[in-house]
Amino acid sequence: MDNQNDAAGEATGRWCVEADAGAGVTTEAEIETLVRAFYTKVRADAELGPIFDRVIGDNWEPHLQKMFNFWSSVMLTTGRYKGQPMRAHLKLKTVTPKHFDRWLMLFRETAEEVCDAETAERFIEKAARIAESLQLGIFFKPERHDPERKAGCCG
Ligand code: HEM
């Protein structure tokens, strides 16, 4: 628990934050390594690759930078990410629950390769929860059961 607020050490330099990192604690540098390794696998994946290809094409760097910010906000509570993940995923009309299973499988594999076991588990737990809430938004459509709710939908 003593290293939970490592984000504060960011200003002192990456090497220093890394030196401070203990089991279960991540750093900006580790997030970058994880995100790059994960999306390298995603791009090469037969199921997920084409979905990203259609939206991102060859312009990966802005997406990667966004994802560093996202994971920095999630894991280090830095507030660096300002975006709307639900909106971004609602646009992806060909995505199915199977794609989410595959995404989580590759994410788990990468986290276990890049991080110590405890940190990997923390990343995976967060990813699984966010995936679940994205799937609820994408696949559970209350208006199908109750048309009245459509009017109140945030869109
Ligand atoms: C089936 C699984 C998934 C697919 C196919 C997928 C695909 C994508 C694509 C194509 C984009 C780019 C959207 C755009 O630029 O318009 C995107 C953005 C993003 N994804 Fe996913 N994603 C998946 C699951 C997840 C999960 C589980 C998370 C979180 C743990 C996540 C977090 C994000 C975030 C934060 C963005 C940036 C949204 C923004 O601010 O523009 N994605 N995703």
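This report walks through the fold, the nonpolar core, the ligand shell and a few individual residues of the structure above.

**Overall picture and confidence**

Please keep in mind that this is a predicted model. The protein holds nine helices and zero strands, so its pattern along the sequence reads α-α-α-α-α-α-α-α-α. Of the 155 residues, 14% are buried. If you look at contacts between residues at least 6 apart in sequence, 58% of them join residues at least 24 apart.

Mean pLDDT for the protein is 85, with 77% of the residues at 70 or more. Two stretches deserve some care. Over residues 1–20 the pLDDT stays under 50, and the model has 25 contacts beyond four places in sequence for them. Residues 151–155 also stay under 50, with one contact beyond four places in sequence. Where pLDDT is low, the predicted coordinates should not be read in detail.

**The nonpolar core**

The largest nonpolar core is built from 13 residues. Ile31, Leu34, Val35, Met75, Ala111, Cys115 and Phe123 are the ones with the most contacts inside this core. Two or more residues come from each of α2 (28–44), α4 (60–76), α6 (97–114) and α7 (117–139). Helix α2 gives the largest share, four residues.

Phe123 is a good place to start when you look at this core. Setting aside neighbours within four places in sequence, Phe123 is in contact with Leu34, Met75, Ala111 and Cys115. Those four partners also appear among the core residues with the most contacts.

**Around the ligand**

The ligand is surrounded by 20 residues, and the closest are Gly83, Ala88, His99, Trp103 and Ala131. By class, this shell has 15 nonpolar residues, four polar ones and one charged one. Helices α3 (49–56), α4, α5 (85–90), α6 and α7 each supply at least two residues of the shell, and the largest share, four residues, comes from α7.

Helices α4, α6 and α7 therefore turn up twice: each gives two or more residues to the core, and each supplies at least two to the ligand shell.

Helix α3 is a shell contributor, yet this helix is hardly covered, with a count of zero buried residues among its eight. Just after α3 comes Gly57, whose phi is positive, near 55°.

**Two residues of helix α6**

Pro97 and Glu109 offer a friendly pair to inspect on screen. Pro97 lies in α6, and Glu109 has its place in α6 as well. How exposed is Pro97? Pro97 counts as exposed because 11 C-beta neighbours fall inside 10 Å, where the limit for exposed is 12 or fewer. Glu109 has 15 other C-beta atoms within 10 Å, so this residue is partly exposed.

Each of the two can be paired with a residue further along the chain, as the table shows.

| Pair | Separation in sequence | C-alpha to C-alpha distance |
|---|---|---|
| Pro97 and Gln135 | 38 residues | 7.2 Å |
| Glu109 and Ile124 | 15 residues | 9.6 Å |

Leaving aside neighbours within four places in sequence, Pro97 is in contact with Gln135 and Phe139. Helix α7 covers 117–139, so these two contacts link α6 with α7.

Notes. Residues are numbered from 1 along each chain as its sequence is written. This is a predicted model: local features need pLDDT of at least 70, side-chain atom pairs count only at pLDDT 80 or more; totals for chains, interfaces and linings use all residues. A nonpolar core is a set of buried Ala, Val, Leu, Ile, Met, Phe, Trp, Tyr and Cys residues joined through C-beta atoms within 7 Å. A residue is buried if 20 or more other C-beta atoms lie within 10 Å of its own, exposed if 12 or fewer, and partly exposed in between; C-beta atoms are placed from the backbone. Two residues are in contact if their C-beta atoms, placed from the backbone, lie within 7 Å. A residue is near a molecule or strand if its C-beta atom, placed from the backbone, lies within 6 Å of it. Ala, Val, Leu, Ile, Met, Phe, Trp, Tyr, Cys and Pro count as nonpolar, Asp, Glu, Lys and Arg as charged, and the others, Gly among them, as polar. pLDDT is the predictor's confidence in each residue, from 0 to 100.
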